[in-house]
Amino acid sequence: MRILLLNGPNLNLLGTRAPEVYGATTLREVEELCRSRAEEYGHRLDAYQSNHEGDLIDAIQGARHSHDAIVFNPGAYTHTSYALHDAIEAVGVPAIEIHISNVREREPWRRISRTEPACVYQIFGRGVSGYLAAISHLHYRAAQPPTTLPYGTHDDQVGDLRLPDRPGPHPVAVLVHGGGWTGPFTRDTMDGMAVGLAGTGLATWNIEYRRIPPVGGWRDTMADVVAGLDSLSTFADRYPLDLDNVTVVGHSAGSQLGYFAARRATFGPARFVSLAGMLDLRGLGSGFDDLLSGFLGNDLGTCLDQIDPIGALPLDLPIVVVHGGSDNAVSPVQSRRFTEEALMAGDRVRLVEIDAAGHEDLIDARAPWWDTVAAVCRA
Ligand code: DQA
C-alpha cells in the first residue's frame, strides 16, 4: 500500500506551537515515525504539508492515481472546509482524519468537522501516537475490510464484523475495546485482534460504544455494550454466526464493560475473557480517580459497587483472565484478586500471566504471545 500523510495549516510548527496541547514532537519527527510504522507493515509512505487549502486539494486529487490511502490532519480547515470534504469524497481514496488534540473537549467550534463525513475513520486526542494508530488502522482495514453495522442510531452505536474465509457458522469473539471509557480511544485499538482472530476461524464483532464526555454517562456506555452484544442475534439471519459459541473479550476498561455485558445479554454468551482488565475498580489506585469520576459523575459515591466486576461475582460462565506481568497501566494484581474472588464465588476461572507483556501488548496480533491470547478467545 502507498500511503499519503497530509498535514494542513500550522502543523509545520509542531514542536514549538502550544506544546501543552500538541506536544514537543516536530513535524519531521512525526513524518519519520509514520514512515517507519508504515514500513513495519510493508507499506510506503509519502509526507506533505501545506498551509494552503488549494495545495491540499491538489494533493488529495493527485493521490487518486498515486496512493491507496490518506492520513490527513486538516488542521483548522477541518472546521471550515467543505472544499476539502468534497476533494476527499471525489477522489474516493480512503482517508483517515486525525487530530493530535482532543478536539471534542476544546472550544465548541473545534467539535465540528466538515471533513469527517468524507473520511472512513477519525482519530483524535491521542497525541502524535494517533498518526501511528491511523496507519495501523489502514493496514488492518486493507488486510481484511470490515463490514460496519449499526446496532443503534447514535454514531458510536456501530461495530465492525469480520468473518473467516471459510464456510460457517462461525464461533464469534465480541471485542470490547478499552481506553478508560474516554472519547479518544475507539475500536481501532482492537483491529489487530479482530483481523488476527478472524484468521484463526472466529467471526469478530468489534463494537464501539458511547464514551466520556458526557461525564457520568456510564449508564449509556454500559447499555451500549449490552445492546452491541445483543445485536448479534439480529445479524445471525444474515451472517453465518454460531450464537451458541460466543466469547466476550474485553481489554482494560473494556473488560469491566464486557463483564457486565456478558451478564446482562439476553442471549447467553459461552464465556468471558479479560485482557489486562480493570476488574477491581476500588483497587485501581488513586491514579484512576479522575477516570472513575468522569465515568460515574455524581454517581461515584453510590454506584461504583454496581459496576465493579469483582463485586458482582459469580458470573456463572467460564472465565479466562489474562494479564501482562509488565503492565504499567493496569496492575496484574487486578487480575489476581479477581481470580481469587471468582474461585471463591464458585466460577470456573483460569488466570494466565504473561511476564514480558505490557498493557497494549496483549492486543497486538504480532506479539510473541499472540497464539496464547488467540487460543483463550476460542475455548
Ligand atoms: C488539530 C486541531 C485543530 O482544531 C487545530 O486547528 C489544528 C490541529 C489537531 O491536530 O489537534 O491545527 O487538527
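The exercises below work through the two sheets, a helix pair, the ligand site and some backbone features of this structure.

The structure is a predicted model, in which local features need pLDDT of at least 70 and side-chain atom pairs count only at pLDDT 80 or more, while totals for chains, interfaces and linings use all residues. Residues are numbered from 1 along each chain as its sequence is written, and side-chain values use heavy atoms, with hydrogens and water left out.

**Exercise 1. The five-stranded sheet**

Task: Determine the strand order of the open sheet of five strands, and state which strands lie at its edges.

Solution: Begin with the elements themselves, since helices (H or I, at least four residues) and strands (E, at least two) are DSSP runs numbered from the N terminus. Two strands pair if DSSP finds at least two bridges between them, and on this basis the order is E2-E1-E3-E4-E5, with parallel pairing. The edges are then E2 (44–49) and E5 (121–124), each of which pairs on one side only. From one strand to the next, the twist averages 20 degrees; angles here run from 0 to 180 degrees between N-to-C directions, and axes are lines fitted to C-alpha atoms, for helices over the stretch in contact.

Next, look at a single pair: E1 (residues 2–7) and E2 run parallel and are joined by six bridges, and Leu6 stands opposite Tyr48 in E2. Finally, add the helices, taking contact to mean heavy atoms within 4.5 Å. Helix H2 (residues 27–40) packs on the sheet, where it touches E1 and E2, and its direction makes about 160 degrees with that of E2. Helix H3 also packs on the sheet, touching E1, E2 and E3 (69–73), with its direction at about 175 degrees to that of E1.

**Exercise 2. The pair H3 and H4**

Task: Describe how helix H3 packs against helix H4, and classify the residues that make the contact.

Solution: Two packed helices are described by the angle between their axes and the distance between the axes. For H3 (residues 53–66) and H4 (residues 82–91), the angle is about 5 degrees and the axes are 9 Å apart. H3 is therefore roughly parallel to H4, given that angles under 35 degrees count as roughly parallel, over 145 as roughly antiparallel, 65 to 115 as roughly perpendicular and the rest as oblique.

The residues in contact include Leu56, Ile57 and Ile60 of H3, and Leu84, Ala87 and Ile88 of H4. By class, the contact has nine nonpolar, one polar and two charged residues, where Ala, Val, Leu, Ile, Met, Phe, Trp, Tyr, Cys and Pro count as nonpolar, Asp, Glu, Lys and Arg as charged, and the others, Gly among them, as polar.

**Exercise 3. The ligand site**

Task: Identify residues that surround the ligand, and give the distances from its oxygen atoms for Ala76, Ile100 and Ser101.

Solution: Among the residues surrounding the ligand are Arg17, Tyr22, Asn73, His79, His99 and Arg110. A backbone N or O atom lies 3.2 Å from a ligand oxygen atom in Ala76, and 2.7 Å from a ligand oxygen atom in Ile100. In Ser101, a polar side-chain atom lies 2.6 Å from an oxygen atom of the ligand.

**Exercise 4. Backbone features**

Task: Locate the cis peptide bonds that precede Pro214 and Pro314, and the positive phi of Ala276.

Solution: Most residues other than glycine have a negative phi, and most peptide bonds are trans. The bond from Pro213 to Pro214 is cis, with omega near 10 degrees, and Pro214 sits in the loop between E9 (203–207) and H7 (218–230). The bond from Leu313 to Pro314 is cis as well, with omega near 0 degrees, and Pro314 sits in the loop between H11 (300–303) and E12 (319–324). Ala276 has a phi near 50 degrees, and its place is in the loop between E11 (271–275) and H10 (289–296).

Terms used: Near = heavy atom within 4 Å. Polar contact = N/O pair within 3.5 Å; in protein donor to acceptor, adjacent residues only side chain to side chain.
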